[in-house]
Amino acid sequence: EARLVESGGGLVQAGGSLRLSCVASGFAFEDYAIGWFRQAPGKEREGVSCIGSRGDLTEYMDSIKGRVTVSRDNSRNTVNLEIDSLKPEDTAVYYCAARGVCPSVGGDWPRNLGYWGQGTQVTVSS
């Protein structure tokens, strides 16, 4: 079955960096765009970034643009998300998800669309 597993979260101090990974199995990874999302307690889920199936298209949430880089290695069924200059407001559970294409900027990606991982916790202390 299709599966996405996130890793790399943890407790870090503000100003630090973190690299999250999403490893996929059970489906044609190279045919899917991969999105990263985050959700903090009491807040709505946010779309952080998306990368096209070939890795040529990348999109970033405005509030984190400049501090985040998404990349993928289709030979390893892996997508990475690096977040720099971490802030306490980056604290959230981070999820990766797979769908056919990245939505347009501001477009919807509902939770019931595509495949989703279980998330990895990122906690940024001040």
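1. Asp90 is a buried residue in this predicted model. Its relative accessibility is 0%, and Asp90 is therefore counted as buried, the limit for that class being under 20%. As to its place in the chain, Asp90 belongs to the loop that connects β8 (78–83) with β9 (92–99).

2. The surroundings of Asp90 can be listed in full. Once neighbours within four places in sequence are set aside, Asp90 is in contact with Arg38, Ile64, Arg67, Ile83, Ser85, Val122 and Val124. Arg38 is also a polar partner: the side chains of Asp90 and Arg38 make a polar contact at 2.9 Å.

3. The pairing of Asp90 with Arg38 also qualifies as a salt bridge, with the closest N and O atoms 2.9 Å apart. Arg38 is located in strand β4 (residues 33–39) and Asp90 in the loop between β8 and β9, so this pair ties together parts that are 52 residues apart in sequence. Arg38 counts as buried, with a relative accessibility of 6%.

4. Arg38 has a further acidic partner. Its side chain meets that of Glu46 in a salt bridge, at 2.8 Å from N to O. Glu46 is partly exposed, its relative accessible area being 32%. Which residues make up the network of salt bridges around this pair? The linked residues are Arg38, Glu46, Arg67 and Asp90. Arg67 thus appears both in this network and in the list of residues in contact with Asp90.

5. The count of salt bridges comes to five. One of them joins Glu82 to Arg19, with the closest N and O atoms 2.7 Å apart. Since Glu82 is part of strand β8 and Arg19 of strand β3, the bridge ties together parts that are 63 residues apart in sequence. Glu82 is partly exposed, with a relative accessible area of 25%, whereas Arg19 is exposed at 51%.

6. The strands that carry Glu82 and Arg19 belong to an open sheet. Four strands make up this sheet, in the order β1-β3-β8-β7, and their pairing is antiparallel. The edges are taken by β1 (3–7) and β7; each has a single partner strand, so one side of each is left without a neighbour in the sheet. On average, neighbouring strands of the sheet are turned by 15 degrees against each other, direction ignored.

7. Strand β8 has partners on both sides in the strand order. With β3 (residues 18–25), β8 pairs in the antiparallel sense over six bridges, and Ser21 stands opposite Asn80 of β8. With β7, the pairing of β8 is likewise antiparallel and comprises six bridges. Here Thr69 faces Glu82 of β8 as its opposite residue, and Glu82 is also the partner of Arg19 in the salt bridge described above.

8. How many residues separate the two strands of the hairpin formed by β7 and β8? There are four residues between them, and Asn77 in the turn has a positive phi of about 50 degrees.

9. The two faces of β7 (residues 68–73) deserve a separate remark. Val68, Val70 and Arg72 form its covered face. The uncovered face consists of Thr69, Ser71 and Asp73. Thr69, the residue opposite Glu82, therefore belongs to the uncovered face of a strand that stands at an edge of the sheet, with a single partner strand.

Terms used: Residues numbered from 1 in each chain as written. Predicted model: local features only at pLDDT ≥ 70, side-chain atom pairs only at ≥ 80, totals over all residues. Heavy atoms only, no water. Buried < 20%, exposed > 50% of the residue type's maximum accessible area, 1.4 Å probe, protein only. Polar contact = N/O pair within 3.5 Å; in protein donor to acceptor, adjacent residues only side chain to side chain. Contact = heavy atoms within 4.5 Å. Pairing = 2+ DSSP bridges. Axes fitted to C-alpha atoms, helices over the stretch in contact; angles between N-to-C directions. Salt bridge = Lys/Arg side-chain N within 4 Å of Asp/Glu carboxyl O.
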